[in-house]
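Student: I would like a close look at a single part of this protein. Please take one helix and show me how it sits against the rest.

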Amino acid sequence: MTELVIVRHGESTANRDNTYTGWSDVPLTPVGIAQARQAGQRIQVADIQFEAVHTSVLQRAIVTANLILAEINQLWLPEYKSWRLNERHYGALRGQNKDTTRQLYGKAQVQQWRRSFYTVPPLLAPSQLSHDRRYTTNGPAVEPQAESLQMAYERIMPYWIDQVAPRLLAGKNQLIVAHGSTLRALIKYLEHISDTGIDGVEVANGVPICYQLDDRLNIVNKTELS
């Protein structure tokens with residue numbers, strides 16, 4: 001069997017402040033740094049040896065991954081970074097307080113934006129896009145104006161198919177350190193969760209989720225190292 005471990009980054013400043021983040025590149029808090037180290041310690045106890053690590057291009061995931069690797073004495077591993085593993089883009093909600101948006105738009109609407117598979121948040125204006133170099137060096141800019149979870153799912157799956165699944169099929173354990181919504185999308189795929197069923201799935205900061213997979217990448221066992 002092959003092992004896949006997925007971890008949501010530790011608490012970020014946006015998590016602490018209860019604001020929408022998306023592709024904004026916010027740092028970890030001291031609590032988030034501690035959560036990342038604890039995640040590594042739990043993986044160390046489980047004695048999982050990885051062949052590669054995958055993260056987004058956002059610092060909260062990258063720093064979490066490096067702290068985990070330091071704890072498990074595997075900092076030497078190849079680390080692959082891709083915008084495809086970025087958090088879902090929350091569009092014009094970016095930077096707003098979640099409680100404030102509930103007051104402005106109503107709890108039901110905010111719940112749809114946050115948890116529905118299909119609902120797209122309000123769009124950023126084209127002039128508000130960052131045009132960050134990390135999204136333009138390999139061709140046309142890839143930053144969206146906003147994304148539903150379905151849209152995030154569709155950008156993640158090519159990375160899974162091209163970069164992660166082949167390594168797992170070759171018997172090489174993989175670690176993915178990413179974000180709440182994008183890991184929900186991956187969990188939806190791995191666990192065959194319905195479009196409506198994914199609404200209730202939560203991914204906690206800094207808690208490793210370990211999948212044991214057979215030679216066709218079906219789940220044999222799932223464990224949360226909490």
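Tutor: Start with what is hidden. In helix α2 of this predicted model, Gly32, Ala36, Ala39, Gly40 and Ile43 are buried. Why do they sit on the same side of α2? Because they cover an arc of only 95 degrees around the axis. Now turn to the other side of α2. There, Pro30 and Val45 are exposed. Buried here means under 20% relative accessible area, and exposed means over 50%.

What do the buried residues pack against? Their partners are β1 and α3, the latter spanning residues 59–71.

Next, the helix as a whole. α2 runs over residues 30–46, which makes 17 residues. From first C-alpha to last, α2 reaches 25 Å. That is close to the 24 Å expected at 1.5 Å a residue. Just after α2 comes Asp47, with a positive phi of about 55 degrees.

Now follow one partner, β1, further in. The largest nonpolar core has 27 residues. Among those with the most contacts inside it are Leu4, Ile6, Trp160 and Leu168. β1 (2–8) is one of the elements that give two or more residues to this core. Others include β4 (174–178) and α7 (180–191). α6 gives the most, with 8 residues.

Look at Leu168 on its own. Leaving out residues up to four places away in sequence, Leu168 touches Thr2, Glu3, Leu4, Trp160, Gln174, Leu213 and Leu217.

There is also a second, separate core, with 16 residues. Ile68, Leu69, Leu175 and Cys210 are among them.

How values were computed. Residues are numbered from 1 along each chain as its sequence is written. This is a predicted model: local features need pLDDT of at least 70, side-chain atom pairs count only at pLDDT 80 or more; totals for chains, interfaces and linings use all residues. Side-chain values use heavy atoms; hydrogens and water are left out. A nonpolar core is a set of buried Ala, Val, Leu, Ile, Met, Phe, Trp, Tyr and Cys residues joined through side-chain atoms within 4.5 Å. Buried means under 20% relative accessible area, exposed over 50%, partly exposed in between (1.4 Å probe, protein chains only). Helices (H or I, at least four residues) and strands (E, at least two) are DSSP runs, numbered from the N terminus. Contact means heavy atoms within 4.5 Å. The expected span of a helix is 1.5 Å times one less than its number of residues. The arc is that of the directions from the helix axis to the C-beta atoms.
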